[in-house]
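User: I have a structure open and a list of terms I don't trust yet. Can we go through what each one rests on?

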Amino acid sequence: MTQQSPQVQPLEPGEPELTEVRNFRDVGGLPTTDGRAVRPGTLFRSGHLAAATESDAAFLSGLGLHTVFDFRNAADAKVEGPDVELPGVRNVNIPLSDPADGKEFWRMVHEGDLGTLRDLLGEGRAAARMASSYRRMVVERTAEHSRVLHSLAEDSVPALMHCAAGKDRAGLSIAVTLLALDVERGAIEADYVKSGAPHRRYRVRRSSTAPDGTAPEVMELLSPLFDARVEYLRAAFDTIDTTWGSVDTYLTEGLRLAPATRERLKDRLLTEG
């Protein structure tokens, strides 16, 4: 049976329109398999906070955050700058691999001509690269994801997770957290694809001297890198299933999450049953 892709939704009622922080949202309300839900105001996600305006920062400060998890690497920070400082909030940098990482790759994205981009990204290669990167992040970043879950279980709530766009590295980290909370897989996917909404998407930056500039074909070739396609996330889920056999085994053996720690995590982040 063919799986249906969740539909991208527009800005939701009550959702803040931050000026320079893209892709922000509270994942509260997502349902679990046992009839509970993620507690609103405990887990947030977004793109980077480096360009946050004063009003953006004031809004974020009002969330009562304990910890901001920043999954960007040094190259990201060099381009975008450090996060704005939020008084009293702990910032934890846990670099994760960019799904399209590599300086040479990004140079081609920003500066490459149409022919080069066709060779690099055309005929499904961009989407295949993205799916492959999600598979690698699941297998190669167990220590980092374990650190996040243990931190949330101990003292880091309310928390905000972000990378550059808030789509891939933060998206997968949020998904792993939601799996540990027994959130329904369909609900995890539905939240993930929200990052594809036009007002949430990362702004593609092409060099002003790049051949073909922002020609339609160039934008089409680049689009899979910035899309939130549900097949990317499903590639990660499939890798969990094929590598560990089940989500529970992935959490206990892959992420070293003891049952008691998982229960503390649920106590912190879920509504009462």
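Analyst: Start with handedness. A crossing is left-handed if the near helix is turned anticlockwise from the far one by less than a right angle, and right-handed if clockwise. Helices here are DSSP runs (H or I, at least four residues), strands are runs of E (at least two), and both are numbered from the N terminus. By that rule, α6 passes α12 in a left-handed crossing. This is a predicted model: local features need pLDDT of at least 70, side-chain atom pairs count only at pLDDT 80 or more, and totals for chains, interfaces and linings use all residues. Residues are numbered from 1 along each chain as its sequence is written, and side-chain values use heavy atoms, without hydrogens and water.

User: What makes α6 oblique to α12?

Analyst: The angle. Under 35 degrees counts as roughly parallel, over 145 as roughly antiparallel, 65 to 115 as roughly perpendicular, and the rest as oblique. Axes are lines fitted to C-alpha atoms, for helices over the stretch in contact, and angles run from 0 to 180 degrees between N-to-C directions. α6 and α12 (residues 259-269) pack at about 60°, with axes 8 Å apart. That makes the pair oblique.

User: Which residues of α6 and α12 make the contact?

Analyst: Contact means heavy atoms within 4.5 Å. From α6 come Leu-149, His-150, Leu-152, Ala-153 and Glu-154. From α12 come Thr-261, Arg-264, Leu-265, Arg-268 and Leu-269.

User: Which term fits the way α6 and α7 lie to each other?

Analyst: Their axes come within 10 Å and cross at roughly 55°. α6 and α7 are therefore oblique to each other. This crossing is right-handed. His-145, Val-148, Leu-149 and Leu-152 of α6 meet Leu-172, Ser-173, Val-176, Thr-177 and Ala-180 of α7.

User: How do you know what span to expect for α10?

Analyst: Take 1.5 Å times one less than the number of residues. α10 (residues 230-244) has 15 residues. The expected span is 21 Å, and α10 reaches 21 Å from its first C-alpha to its last.

User: What makes a residue of α10 buried?

Analyst: Buried means under 20% relative accessible area, exposed over 50%, partly exposed in between (1.4 Å probe, protein chains only). In α10, the buried residues include Tyr-232, Phe-237 and Trp-244. The buried residues of α10 pack against helices including α6, α7 and α11.

User: How many of the chain's residues count as buried?

Analyst: Of the 273 residues, 52%. The chain holds 12 helices and 5 strands.
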